[in-house]
Amino acid sequence: MTRGEQRYAYTDLHAAGEPVRIVTGGAPPLSGTTLLDKRRDAMRRHDAVRRHLMLEPRGHADMYGVWPTEPDRSDCALAVLFMHNGGWSTMCGHATVALGRWIIDQGIVQATPPLTTFRLQCPCGPVEVRVETDTFGRTGNVSFDSVPAFAGPLDQSLEIDGRGSITVDIAYGGAYYAILPASHLGLDLYGSPFDELVAAGRSIIAAGREQLDISHPGESDLGFLYGCIMTDGNGPPDSAMTRNLCLFGDGQVDRSATGSGITARLAMAHARGHLAPGIACAFAGLSGVPFSGEIRRALTDDEVIVTVSGQGYYSGEGSLRVEPDDPLQAGFEVPPCLADQAGRSTT
């Protein structure tokens, strides 16, 4: 081992094709009383961990990660921070699905066949996780119940360069999303060139963050536009299957249907009076592998609890090394043009 070298241990999984890199060793202790305190500490003092694990040359532009830590709630088995190419998420459904399996396999929670239930503390709040388990210790489907989800503000106008004025709905599923059918952009989720869809989604995220005033009713840390979801225009109760393309963070493209995005879509459908509790629908993203989602119960006229279900699969494990004299030790992102290269390798 080189003097001054940083090493990390990790386990990789995926859920519906979206990666989940769980840090199992090498990360420093986090300071703070609450999980949101620890998230702020990670953002302020330990963002190098995210860059080492998520960005190239050890990660890639669409890598996604989990940093496990001690919960500050006695009713939770584990707490986690979520990270990606551009920063720190407040909720992640696909990672929660993968974590459900990993937590049982690691013995953090003892399996109680045929169904093991526990709570996971996420930055947006605790979620209840249920893992199908058998007497041989094998895990199957994983589901979780969301934090209270809600729609609003709906029918928001955005000015998009090259597209003029468009209308989006904002909904919260542990994170805030701008949601609209791709057809409202003159695009077809199945037929339009992929790069055009991605560019449109990134434009909506940028415009939404600049033009919309988004605030969370309980925690200021949660009040920001996280991503954009472009749908195929289908959805419950008219269709048992719908697809969407989700972009989040710094324009990252989700391979799954996005668990917190499904939660937001169902909260929006409920707010519009389109959907009652108990109606399940399949939601697929870029990989085509679906998650199931349904409104589990309505808390109020505005708030719902959503259940999202899927399966996680192991894809690898190992260690990563960061040598002190590596000119790319801080990680780097492939820039949209080479003129941006110098500023993106060290920021």
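Is Thr307 buried or exposed? At 8% relative accessibility, Thr307 counts as buried, because the cut-off for buried is under 20%. Keep that residue in mind. I'll come back to its surroundings in a moment.

First, a word on the model. This is a predicted model. Its pLDDT averages 93 over the chain, and 96% of the residues score at least 70. There is one stretch to flag. Over residues 343-347, pLDDT stays under 50. For those residues the model has 14 contacts beyond four places in sequence.

Back to Thr307. Thr307 sits in strand β18, which covers residues 303-310. Its side chain makes a polar contact with the side chain of Asp145, at 2.7 Å. Set aside the neighbours within four places in sequence. Thr307 is then in contact with Arg130, Ser143, Phe144, Asp145, Ser292, Gly293, Glu294 and Arg296. Several of those names come back on the next point. Glu128, Arg130, Asp145 and Arg296 are linked in a network of salt bridges.

On to the salt bridges. The count comes to 19. I'll take three pairs.

Pair one: Arg7 and Glu5. Their closest N and O atoms are 2.8 Å apart. Glu5 is buried, with a relative accessible area of 8%. Arg7 is partly exposed, at 34%.

Pair two: Asp12 and Arg21. These side chains meet in a salt bridge at 3.0 Å, N to O. Asp12 has 12% relative accessibility, so it counts as buried. Arg21 has 5%, and it counts as buried as well.

Pair three: Asp62 and Arg255. Here the closest N and O atoms are 3.1 Å apart. Asp62 lies in the loop between α2 and β3, and Arg255 in the loop between β15 and α5, so the pair ties together parts that are 193 residues apart in sequence. Asp62 counts as buried, at 15% relative accessibility. Arg255 counts as partly exposed, at 28%.

That pair brings in two helices. Take α2, residues 47-54. Helix α2 is mostly covered, with six of its eight residues buried. Those are Val49, Arg50, Arg51, His52, Leu53 and Met54.

Now α5, residues 259-271. How many of the 13 residues of α5 are buried? Twelve are, so the helix is largely enclosed by the rest of the structure. The buried set includes Arg265 and His270, along with Ile262, Leu266 and Met268. The geometry can be checked too. At 1.5 Å a residue, the 13 residues should span 18 Å. The end C-alpha atoms are 19 Å apart, which agrees. Just after α5, Gly273 takes a positive phi of about 75°.

Last topic: the cores. In soluble globular proteins, nonpolar side chains tend to be buried together. In this model, the largest nonpolar core has 84 residues. Which residues have the most contacts inside it? They are Phe82, Leu99, Leu120, Ile204 and Met230. Helix α3, residues 93-105, gives the most to this core, with seven residues. Apart from it lies another core, of 17 residues. Among them are Leu30, Leu53, Met54 and Val322. Leu53 and Met54 you have already met, as buried residues of α2.

To close, back to the opening residue. Thr307 is buried at 8%, and its side chain has a polar contact with the side chain of Asp145. Asp145 in turn belongs to the salt-bridge network with Glu128, Arg130 and Arg296.

Methods. Residues numbered from 1 in each chain as written. Predicted model: local features only at pLDDT ≥ 70, side-chain atom pairs only at ≥ 80, totals over all residues. Heavy atoms only, no water. Helix = DSSP H or I, 4+ residues; strand = E, 2+ residues; numbered from the N terminus. Expected span 1.5 Å × (residues − 1). Buried < 20%, exposed > 50% of the residue type's maximum accessible area, 1.4 Å probe, protein only. Core = buried A, V, L, I, M, F, W, Y, C linked by side-chain atoms within 4.5 Å. Polar contact = N/O pair within 3.5 Å; in protein donor to acceptor, adjacent residues only side chain to side chain. Contact = heavy atoms within 4.5 Å. pLDDT = per-residue confidence, 0-100. Salt bridge = Lys/Arg side-chain N within 4 Å of Asp/Glu carboxyl O.
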